[in-house]
Amino acid sequence: MPDAVSEPREITAAVVKEKGAFELAPAVLEPPRDDEVLVRVVAAGLCHTDLVVRDQVYPVPLPVVLGHEGAGVVEAVGSAVEKVAPGDHVAVSFLPCGRCRPCLDGSPASCANFNDINFAGQRPDGSHALSLPGGGTLHDRFFGQSSFATYAIANERNTVKVREDAPLELVGPLGCGIQTGAGTVLHALEVGPGATFAVMGAGAVGLSAVMAARVAGATTIIAVDVVPSRLELAAELGATHVVNGAEQDAVAEIRRITGGGVDRALDTTGLPALIGQAVEALRQQGSAAVLGASSPDAKIELPANAFMQSCKTLMGVVEGDSVPDVFVPQLLDLYMQGRFPFDRLVRFYDFDQIQQAAADTESGAVVKPILRMS
């Protein structure tokens, strides 16, 4: 019989009570339901999406517990859970509905109900796994996990079992940022051997894309950013060329390097001007993808005739078009083989340093912060 926990427990969580700030505070976590998993969170990555929600660029209701790159150990499971068991090491990823057309077609990252499930701050039935001491409402279920906490309730669908010989505190970002960059290269853009590839933005997602392009056998990999240290790291991780967009015309430089344009391009910034540059830097019949979080009113403008006549493709991608149960273990295998060194992106922080981790992310001082929950 599956283990169960029958009583609520008090935990520590990073609560966003008002726009712009995390505050460590006690919270009450209810037991897992039949299809849910109780995870003791070992570590959780801090992602740009956490920050834009903290700042209410995306209006998730407050107070809320964020965090969507959790990793930990299964402590208990609901009666209907079969995929994982107590003691398993897991990463926790986004939560698809499992019933819409994209989910049934094998593309859960394109779930038609993605926003309602991952950004509503509650379960679909309006309930919460978390509450404030004394019974006040605490919004949760962020990406089906709210892992900025010492314990989290996930669903069976977004809990991914991982190999136990891997460093568990490192695993969390594979559930979102790392799989987003790598998956877009390998799944959506289908970068292959001999391809030419450029990425706008050399943060965690962009650098993951660089590493994936190298794994895929691309022969020209161009990273564009304005932070010299990130460009240096990109070169160490597989970029054959780097372009400082503050000092050079990125499109002209990409065309010079490739002799006309890249086969595939990726924008990780969400900035319309850079999305336009990614499309402009493509060769005839090239394909570009956009996956960065833009402001809600942002619009992409392209010269219609030039776009049509160049036969280019521009696609939107969520979570790298990945199936986490398949792709997260694959990335972890590549890491353990020394072929996908995403640990080079990471800096660890204690949980109570979450404000500093956020500040370092915004300043560019760190690529991928991971919070240890010890």
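Two exercises with worked solutions follow, on a predicted model.

**Exercise 1. Lay out the six-stranded open sheet and place the helices H5 and H7 against it.**

Step 1. Set the strand order: S12-S11-S10-S13-S14-S15, with parallel pairing.

Step 2. Find the edges. Strands S12 (241-244) and S15 (313-316) each pair on one side only. From one strand to the next, the twist averages 15°.

Step 3. Check one edge pairing. S14 (residues 282-290) is joined to S15 by four bridges. Valine 290 has glycine 316 in S15 as its bridge partner.

Step 4. Add the helices. H5 (residues 204-216) lies across S10 (196-200), S11 (220-225) and S13 (262-267), at about 170° to S10. H7 (residues 250-258) touches S10, S11, S12 and S13, and its direction makes about 165° with that of S11.

**Exercise 2. Classify the partners of three salt bridges as buried or partly exposed.**

Step 1. Take glutamate 23 and lysine 17, whose side chains meet at 3.1 Å, N to O. Buried means under 20% relative accessible area, and exposed over 50%. Glutamate 23 has 38%, so this residue is partly exposed. Lysine 17 has 43% and is therefore partly exposed.

Step 2. Take arginine 54 and aspartate 55, which meet at 2.9 Å, N to O. Arginine 54 is at 5% and so counts as buried. Aspartate 55, at 27%, counts as partly exposed.

Step 3. Take arginine 123 and glutamate 36, with their closest N and O atoms 2.8 Å apart. Arginine 123 lies in the loop between H3 (114-118) and S7 (130-131), and glutamate 36 in S3 (residues 36-45), so the pair ties together parts 87 residues apart in sequence. Both arginine 123 and glutamate 36 are buried.

Note on methods:
Residues are numbered from 1 along each chain as its sequence is written. This is a predicted model: local features need pLDDT of at least 70, side-chain atom pairs count only at pLDDT 80 or more; totals for chains, interfaces and linings use all residues. Side-chain values use heavy atoms; hydrogens and water are left out. Two strands pair if DSSP finds at least two bridges between them. Helices (H or I, at least four residues) and strands (E, at least two) are DSSP runs, numbered from the N terminus. Axes are lines fitted to C-alpha atoms, for helices over the stretch in contact, and angles run from 0 to 180 degrees between N-to-C directions. Contact means heavy atoms within 4.5 Å. A salt bridge is a side-chain nitrogen of Lys or Arg within 4 Å of a carboxyl oxygen of Asp or Glu. Buried means under 20% relative accessible area, exposed over 50%, partly exposed in between (1.4 Å probe, protein chains only).
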